[in-house]
Amino acid sequence: MADKIVIRFPDGAEKEFETGVSPLQIAEGINPQFAIRQLVAEVNGKLVDMNYHINQNSEIMFHSFNSEQGKEVYWHSSAHLMAQAVRQLFPEVKVTIGPSIENGFYYDFDREQSFTDEELLAIEERMHKLAKEKLPFLRQELSKKEAMAMFKKMNEPYKIELLEDIDDNEVISIYTLGDFVDLCRGPHLEHTGKIKAIKLLKTSGAYWRGDVSKKMLKRIYGITYPNKKDMKKYLLFLEEARKRDHRKLGKELDLFSFSDDIGQGLCLWHPNGAMVRSIIEDYWKKKHYAADYKIVYTPHIGKAELWQTSGHLDFYSESMYSAIEVDGSDFYLKPMNCPFHIEIYKSTKRSYRELPLKYSELGTVYRYEPSGALNGLKRVRGFTQDDAHIICTEEQLLEEVEKLLDFSMSMLQDFGFEEFRVKLATMPDKSVGDAKDWDKAIKSLQNALEKNNIKFEVDEGGGAFYGPKIDIHIKDSLNRLWQLTTIQFDFNLAERFKMEYIGADNQAHRPFMIHRALLGSIERFFGILIEHYAGNFPVWLAPVQVMVIPLSENYNHYAERKYTKLREQGIRVECDFRNEKVGYKIREAEMSKIPFMYIVGAREEDTNTIAVRRHGSGDLGTFTFDEALKVIRGEIQERT
RNA sequence: GCUGAAGUAGCUCAGAGGUAGAGCAACUGAUUCGUAAUCAGUAGGUCGGGGGUUCAACUCCCCCCUUCAGCCCCA
C-alpha cells in the first residue's frame with residue numbers, strides 16, 4: 001500500500017493525503033466550519049461515512065443537509081435514533097426497517113398496541129436526550145453467517161428475514177448506536193449530536209414489506225433538522241397546507257360536498273364549484289377545438305362483452321363497480337372511456353386521410369376505489385376525465401406525442417402551474433401485449449421526450465396494463481408534486497377491437513392509439529387548484545368576480561343599476577342588498593374570497609362612480625364604471 | 001380492504017351513567033350605517049345508525065355507516 005494517495009475534488013483540484021485518511025479529516029483540512037456542516041461523503045460515486053478510510057487515489061465530494069443525499073443520510077440516521085429511543089422505552093418492541101422519505105423518515109415497529117400521543121412525546125424527549133449525548137454511529141462489517149447468529153441472539157426476527165434475502169457472500173454492515181445495534185447498509189452521520197430539532201409527527205399502521213398478507217406494523221413518522229429555524233419553516237408549511245386543504249375550503253367557500261345518502265366518493269358540485277368547473281370545461285373545449293380535436297359524448301355504462309373485448313374485465317375488474325343486470329345482459333359502469341371512442345371510430349370505414357383522428361370527451365367514469373383510499377376530491381369513485389384518444393398511423397405517432405407534451409404544458413401554464421416533472425412509466429406485472437411491442441412503444445415515447453429536450457425519470461413497471469405512458473407532474477404553490485397529465489401508449493385495444501383504416505395502398509391497416517388525459521380528473525384537478533390558490537381563484541376562474549355593496553338600503557337602487565350593467569357585460573356579479581353595515585358586508589365578501597368589491601354610497605351615486613376594493617389588498621379608490629370594467633377585464637385576460 | 005383515531009345544532013367546538021350547552025349562521029324586530037362582525041329577541045338537536053347492559057345510556061359493550069391519518073392503490 002502506498003503511503004500517499006491523491007484526492008481529487010469536484011472543482012478538479014487535487015491534493016495528496018496519507019493513506020487511510022478519512023473524509024472528515026479532509027473536510028477539516030479545507031475548513032473546520034465547512035467540516036461541521038458536511039454530513040456524508042461521496043467517494044468515487046459511493047456514499048460513505050465521514051470516518052471511512054480512503055486507501056486509494058479517489059474523487060471526493062461532500063454532502064451537507066442542502067443536498068438530497070445529505071438529507072437522506074440525515075433522516076436515515078434520525079430513524080435509527082428514533083428506533084434506539086423506542087427500544088430503550090419499550091424493550092419488548094421488535095424493530096423492522098426505517099428509511100428516510102421525502103420529508104423526514106419513519107420506522108416500523110412490531111408492537112401489539114399503537115403508540116399513543118403521550119408515548120410519542122416520550123420518545124421524542126428520549127431522542128433529544130440521546131442526541132445531546134452525541135452517540136457515534138459505529139460501523140462494523142461481518143459475514144452473513146455472523147450477522148444471522150447475532151440477530152438470532154438478539155431475537156430480531158425481522159432483521160433475520162431481511163438477511164435471508166441478501167446474497168450469502170455479501171459483506172453485511174451493522175451500525176451500533178449506544179446500546180442499539182441495527183442491520184444497515186449506511187452510511188450514517190458521525191454522531192447523533194448533529195440532530196438538533198426533532199418532531200415526531202404521526203403514527204399509522206403499515207404492512208411488513210408493504211404486503212397486505214403480512215403483519216400490520218406500527219409506523220412512526222418524524223422529521224428532524226440541523227437547526228430550529230428549518231424545523232419552524234417546515235411546521236409552518238404543514239400549517240399552511242392544513243389551511244389550504246381543499247376539503248376545508250370546499251366547505252367554507254361552498255364549492256362541493258359529499259353525502260352519506262349518496263355514497264362514498266361521489267361528490268356534489270355546488271353552484272360555486274360548478275361555476276369554476278364550467279369555466280374550466282369551456283376553456284378546455286376551446287383549446288381542444290383549436291388543436292383539431294373532435295368532442296364526443298358517450299354513455300356511462302356498457303355491456304360486459306365490450307369490457308371483455310377491451311380486457312378490462314380481465315385486468316381491471318377489481319377497480320370496477322359490479323355488474324348491473326338488465327334484460328338478461330350484464331352492464332358495467334365505465335371505468336374508462338376508451339371502448340366507446342373506439343366504437344365511434346369503428347362506426348364507419350376509415351381512410352388514412354382522416355388520421356390522426358382525435359376524439360375527446362369530458363367523460364365521467366366510475367371506479368371502485370378501496371374505501372380507505374378516498375380523499376376529498378383528490379380521490380373519488382365517480383370522476384370526469386378530460387379524456388382523449390388519438391388514433392393515428394405509426395408514422396404520426398412521434399409527432400402526436402410531441403404535440404401532446406406541448407399541449408399539456410401550455411394548458412397547465414394557463415392554470416398557474418409553471419414547474420413540471422416528467423416520468424416515463426414502463427411495463428407493469430399485469431399487462432397485455434408482448435414485450436417486443438412494449439419495448440418499441442417505450443422507445444418511441446422516450447424519443448419524443450429526448451427530441452424535445454424534456455428531462456424525465458423512468459418509473460419501472462408503472463405503466464397501464466395496455467401500454468407504457470408519460471406522466472406529467474406539476475409543482476403547486478407549496479412545492480408539492482401532483483400528477484395531472486398522463487399520455488398512454490396503447491397498442492392493444494386497436495388489436496382487440498380490430499380497428500382498421502384503409503391506407504394509400506388500398507389495404508387495411510391497424511391504427512395506433514394514444515390515450516391521454518391532461519388535467520387528469522376534473523374533480524382532482526379542482527381540488528389541486530383550490531389548494532394551489534388557497535381558494536383565492538384568479539379572476540377568470542372566480543365563481544363570483546364582483547360583489548356590489550350598497551352602503552345602506554338608500555343606495556340599493558344605484559347598486560342594482562351597476563349590478564345589472566356588470567351582468568350585461570358578462571361579469572359574474574352579485575349584490576349584497578341585506579340590511580347590514582358596510583363593514584359586515586365587506587367582511588363576508590372578503591371571507592368568500594371574492595376578488596372585487598364595488599362599494600357604493602352617496603359619494604358614488606352623486607359622481608356616478610364606484611369605490612373599488614380588491615380582495616386581499618383593500619381599498620383601491622374611486623373608479624368610473626368603465627375604468628373598473630377595464631381593470632377586471634385586464635385580469636380576466638391575463639388569467640392572473 | 002387493513003391499522004389507528006374520530007362523529008354532539010347549518011358551521012366551529014364545549015360537556016357528561018340521571019334524559020344537552022356556547023359562538024357564528026338562520027328567523028323576527030329595531031338601526032340606514034363609509035372599507036373585515038350594530039343591538040335585542042326567537043327558533044333550532046331521538047348527541048352518526050341499529051342492537052345490548054342498566055331503574056335510567058349521548059356517556060358502558062357489540063355490530064354497521066361515514067370521516068380523518070397512514071398502508072395498499074391511483075385520475
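A polar contact is a pair of N or O atoms within 3.5 Å; within protein, one must be able to donate a hydrogen and the other to accept it, and residues adjacent in sequence count only if both atoms are side-chain atoms. One such pair joins a side-chain N or O atom of Tyr 584 to a phosphate oxygen of RNA strand B, at 2.8 Å.

This is a predicted model, in which local features need pLDDT of at least 70, side-chain atom pairs count only at pLDDT 80 or more, and totals for chains, interfaces and linings use all residues. Residues are numbered from 1 along each chain as its sequence is written, chains are lettered from A and ligands numbered from 1 in the order in which they are written, and side-chain values use heavy atoms, with hydrogens and water left out.

**RNA strand B: polar contacts**

- Arg 379 places a polar side-chain atom 2.3 Å from a base oxygen of RNA strand B.
- Glu 553 also has a polar side-chain atom by a base oxygen of the strand, at 2.9 Å.

**RNA strand B: the surrounding surface**

- Around the strand are 54 residues, where near means that a heavy atom of the residue lies within 4 Å.
- Ser 204, Gln 264, Ser 371, Arg 379 and Asn 579 come nearest.
- Sugar or phosphate accounts for 50% of the RNA atoms within 4 Å of the protein, and bases for the rest.
- Elements giving two or more residues to this surface include β12 (197–207), β13 (216–225) and α18 (582–591). Helices (H or I, at least four residues) and strands (E, at least two) are DSSP runs, numbered from the N terminus.
- α18 gives the most, with seven residues.
- The surface divides into 17 nonpolar, 17 polar and 20 charged residues. Ala, Val, Leu, Ile, Met, Phe, Trp, Tyr, Cys and Pro count as nonpolar, Asp, Glu, Lys and Arg as charged, and the others, Gly among them, as polar.

**Salt bridges**

- The count comes to 42 salt bridges (a side-chain nitrogen of Lys or Arg within 4 Å of a carboxyl oxygen of Asp or Glu).
- Arg 87 and Glu 156 form one of them, at 2.3 Å from N to O. Arg 87 lies in helix α3 and Glu 156 in the loop between α5 and α6, so the pair ties together parts that are 69 residues apart in sequence.
- Arg 87 is partly exposed at 23% relative accessibility, whereas Glu 156 is buried at 1%. Buried means under 20% relative accessible area, exposed over 50%, and partly exposed in between (1.4 Å probe, protein chains only).
- Glu 523 and Arg 277 meet at 3.5 Å, N to O. Glu 523 is in helix α16 and Arg 277 in helix α9, so this bridge ties together parts 246 residues apart in sequence.
- Glu 523 is buried at 3%, and Arg 277 is buried at 16%.
- Asp 576 and Arg 578 pair at 2.9 Å, N to O. Asp 576 is buried at 6%, while Arg 578 is partly exposed at 38%.
- Lys 358, Glu 399, Glu 400 and Lys 403 are linked in a salt-bridge network.
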